[in-house]
Structure formats: C-alpha cells, structure tokens
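User: I am new to this structure and would like to be taken through it by way of questions. Could you show it first?

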Amino acid sequence: MASNPMEQFTVYRIGPEIKIAGIDLSFTNASLFMVISASIVLLFLFLGSKEKKIIPNKIQLISEMFYKFVAKMISDTAGPKAKPYFPFIFSLFMFVLFCNMVGMLPYSFTVTSHIIVTLILALFIFVAVTVIGFIKHGFKYLSIFVPSGVPAVLLPLITIIEIISYLSRPVSLSVRLFANMMAGHTMLKVFGGFVVSLGILGGWLPLSFSVALTGLEILVAFLQAYVFAILTCIYLNDALNLHH
Amino acid sequence: MTVPEDFKTRLKIAKSKIKNHLNKDQEKRGTFMGNAFKLGTELVAAVGVGTIIGFILDSWFDTKPWLIIIFFFLGSAAGMLNVIRTANKMQKKD
C-alpha cells in the first residue's frame with residue numbers, strides 16, 4: 001500500500017508508439033493532461049464570453065476577472081507599450097494556472113512538476129524577449145549588458161556578470177515553478193502515506209496536515225502562475241523600455 | 001436609458017471600498033510570498049548558470065579547474081546582483 005511518493009510523476013505512454021526519425025513522439029499522460037488543461041481554459045473562456053450581458057453571470061464574471069487581472073498586471077509592470085503582447089501573456093498565465101490547478105485534483109498528473117515542460121516555456125519566453133529586444137532596438141539592445149557609470153577597468157568583469165545574470169533568467173523562471181510544484185505534491189503524498197501507515201489511531205494528525213497542505217498547494221498553484229506571468233512582463237519591460 | 005443619481009454614488013462608494021480592502025490586504029500578502037520564492041531561486045540559478053558556463057569553457061580550452069572556479073565566483077556575483085535588483089524593484093513598488 002505504501003507507495004513511492006515520486007511515483008505520481010512517472011510519464012507513461014498512452015496508445016500506440018509513434019517514432020519519427022528516432023525521436024519518440026508518443027502520446028503520454030503528460031500530453032493528455034496538457035490537452036485537458038488547454039481545453040478547460042478554452043471551454044471556460046468560451047462559456048464566459050458567449051453571452052455578453054451587462055449584468056454578468058458567474059462564469060462571465062470570473063473570466064472577466066482573469067482578463068482584468070492580467071491586463072492590470074501588464075500595464076503596471078510593462079507599461080502601455082506591452083499591450084500588443086497581452087494575448088501571449090494571458091494564454092501563458094491561463095495555461096500554467098490550469099495545469100497547476102488540474103494537478104491538484106486526485107488521480108491527476110501535474111504537468112508543471114516536470115522541469116522539461118517549464119524549461120521549454122521559459123526558454124521560449126527568453127528567446128522571444130531577446131528577439132523582441134533586437135527587433136525594437138537593433139544592436140543597441142546589447143547595451144543592457146553594459147551599465148552606465150562603471151569605471152573602464154571594471155567594465156569587462158561587469159559585462160560578464162551581466163551576461164550570466166541575463167542567461168540565468170530562464171533557469172530561475174523554470175526551476176521556481178517546477179520545484180514548487182514538485183515539492184508540494186511530494187509532500188502531500190508523503191503525508192498521505194503517513195496517514196495510511198499510522199492507521200486509525202495516529203493518522204489524524206497527518207490527515208489534518210494534509211488538509212492544510214492542500215489549501216497551501218492551491219495557493220502556491222495560483223501564486224506560481226502569477227509569478228511566472230509577472231516575470232515575463234518584467235523581462236518584456238526590460239526589452240521594450242531600454243533605460244531603467 | 002438613464003442611471004439614477006443615487007445608484008451612481010452608491011456604486012462609487014462600493015468601488016472605493018473594494019479597492020481599499022482587497023488591493024491592500026490580499027494582493028500584498030500574495031505578492032510577498034511570491035517575492036520570497038523569487039529571491040531564493042534568483043540567487044541559485046545564477047550560480048548554477050555561471051558554474052555550467054565555466055565547466056563548458058573548461059572542456060573547450062582544456063584548462064581544467066581554473067575557469068570553473070572563476071565562473072563560479074562570477075556567477076555568485078551575478079546572483080547577488082539579481083537579488084539586489086529584485087529587492088530594489090520590490091521597494092519601488094511600495
């Protein structure tokens with residue numbers, strides 16, 4: 001009965017094996033849950049925007065709340081210039097949020113607890129922001145690596161440090177989301193295992209912890225999606241408005 | 001369609017109440033926790049990236065332990081820079 005707490009993270013194949021040019025492209029449970037999360041987002045927003053009432057019903061209210069939340073976040077952190085990137089950040093936020101939230105359901109799989117998923121998201125953001133920076137400013141974009149008011153002796157050192165700091169962005173972005181989700185789910189499983197092994201006499205304490213941790217995990221699921229989106233806004237801001 | 005004056009003022013009062021309560025309490029509590037997570041990973045990620053760059057350059061130039069040591073310290077410096085920047089941004093917001 002006492003199962004491995006890391007077992008919940010195993011990826012397995014669903015359906016036939018698909019191999020193209022030696023790369024395994026089979027449909028796995030991870031892909032299944034990504035599809036589920038994405039379709040929940042789509043369905044939710046579709047239902048929310050179907051009837052455009054002046055006095056909104058509940059689902060319309062919630063979807064408008066999400067819209068306003070992300071719009072405010074973008075205008076606060078990146079200014080009016082970032083308005084065209086709203087669809088990207090909104091879909092990113094909704095996808096990460098719903099992946100995290102779907103992972104909170106029993107017997108489900110948390111896609112964001114795998115570093116490869118979060119790393120690809122973060123690398124995509126990193127490349128996109130860099131490309132946007134170069135398109136908007138040309139080679140002047142490289143000046144973010146050269147801070148003003150630094151003595152010439154220190155300049156090479158500072159530039160290397162700045163480049164490392166810039167390269168560490170996707171790593172910190174992805175590791176944060178992955179570590180939070182994985183640690184939380186492992187902890188839930190460990191406490192669940194305590195409940196089983198301590199039985200009806202001693203199991204109540206870990207059970208109460210489990211309940212509290214579930215609440216905390218839902219908070220973390222929301223918070224990490226928020227942090228992911230707001231950091232994207234901050235990086236976008238650095239690329240759009242050069243001087244800071 | 002006209003909106004009665006009475007309703008307008010009531011809406012204004014309700015809106016300002018929501019702003020005062022919700023924005024100051026809940027949003028801030030959420031962002032504080034997010035910020036705490038942010039600072040930790042910011043430091044670690046830069047150290048990791050610096051060390052990896054040092055390791056790669058070492059195997060390119062065949063200068064085994066030296067570049068990894070140098071880039072470890074540069075990465076630590078970058079991590080501290082990241083933390084200071086994030087902390088500055090947090091202070092500006094308040």
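The questions and answers below concern a predicted model, and they go from the chains to single residues.

User: In what pattern do the helices and strands of chain A follow one another along the sequence?

Analyst: Because this is a predicted model, the answer describes the prediction. Chain A has six helices and two strands, and its C-alpha trace spans about 70 × 55 × 45 Å along the principal axes. Read along the sequence, the order of these elements in chain A is β-β-α-α-α-α-α-α.

User: What percentage of the residues of chain A count as buried?

Analyst: Among contacts in chain A between residues at least 6 apart in sequence, those that join residues at least 24 apart make up 66%. As for burial, chain A has 244 residues, and the part of them that counts as buried is 28%.

User: How many helices does chain B have, and what percentage of its residues are buried?

Analyst: Chain B has zero strands, and its helices number two. Of its contacts with a separation of 6 or more, 57% are between residues 24 or more positions apart. Chain B is made of 94 residues, of which the buried ones make up 19%.

User: Which helix of chain B gives the most residues to the side that touches chain A?

Analyst: The contact between the chains takes 14 residues from chain A and 19 residues from chain B. On the side of chain B, α1 (5–61) and α2 (64–93) each supply at least two residues, and by class this side has ten nonpolar, seven polar and two charged residues. The helix that gives the most, with 13 residues, is α1(B).

User: Are helices α1 and α2 of chain A roughly parallel or roughly perpendicular to each other?

Analyst: The axes of α1 (residues 29–50) and α2 (residues 58–77) of chain A come within 8 Å and cross at roughly 115°. Angles of 65 to 115 degrees count as roughly perpendicular. The two helices α1(A) and α2(A) are therefore roughly perpendicular.

User: How many nonpolar, polar and charged residues make up the contact of α1(A) with α2(A)?

Analyst: From α1(A) the contact takes A:F44, A:L45, A:L47, A:G48 and A:S49, and these meet A:I59, A:Q60, A:I62 and A:S63 in α2(A). Glycine is grouped with the polar residues in this division. By class, the residues of this contact are five nonpolar, four polar and no charged.

User: What is the handedness of the crossing of α2(A) and α6(A)?

Analyst: The axes of α2(A) and α6(A), the latter covering residues 204–240, come within 9 Å and cross at roughly 35°. Here A:V70, A:M73, A:I74 and A:T77 in α2(A) meet A:A229, A:I230, A:C233, A:I234 and A:N237 in α6(A), and these residues divide into seven nonpolar, two polar and no charged. The crossing itself is right-handed.

User: Which element gives the most residues to the largest nonpolar core?

Analyst: The largest nonpolar core has 55 residues, and A:I89, A:F93, A:A225, A:F228, A:A229, A:C233 and A:L236 touch the most other members. Elements of both chains give two or more residues to this core, namely α1, α2, α3 (86–103), α4 (115–137), α5 (155–202) and α6 of chain A, together with α1 and α2 of chain B. With 13 residues, the element that gives the most is α6(A).

User: Which residues is A:L236 in contact with, leaving aside its neighbours within four places in sequence?

Analyst: A:L236 is one of the core residues that touch the most other members. Once its neighbours within four places in sequence are set aside, the residues in contact with A:L236 are A:A78, A:A82, A:Y85 and A:V129.

User: Is A:Y107 buried or exposed?

Analyst: A:Y107 is placed in the loop between α3 and α4 of chain A, and although not a glycine it has a positive phi of about 70°. A residue with 12 or fewer C-beta neighbours within 10 Å is classed as exposed. A:Y107 has 5 C-beta neighbours inside 10 Å, so this residue counts as exposed.

User: And what is the class of B:M90 by its number of C-beta neighbours?

Analyst: B:M90 has its place in helix α2 of chain B, and its C-alpha atom is separated by 26 Å from that of B:F73, 17 residues apart along the chain. Because B:M90 has 14 C-beta neighbours inside 10 Å, its class is partly exposed.

Technical notes. Residues numbered from 1 in each chain as written. Chains lettered and ligands numbered in written order. Predicted model: local features only at pLDDT ≥ 70, side-chain atom pairs only at ≥ 80, totals over all residues. Axes fitted to C-alpha atoms, helices over the stretch in contact; angles between N-to-C directions. Helix = DSSP H or I, 4+ residues; strand = E, 2+ residues; numbered from the N terminus. Parallel < 35°, antiparallel > 145°, perpendicular 65-115°, else oblique. Contact = placed C-beta atoms within 7 Å. Buried ≥ 20, exposed ≤ 12 C-beta atoms within 10 Å, placed from the backbone. Left-handed = near helix turned anticlockwise from the far one by under 90°. Core = buried A, V, L, I, M, F, W, Y, C linked by C-beta atoms within 7 Å.
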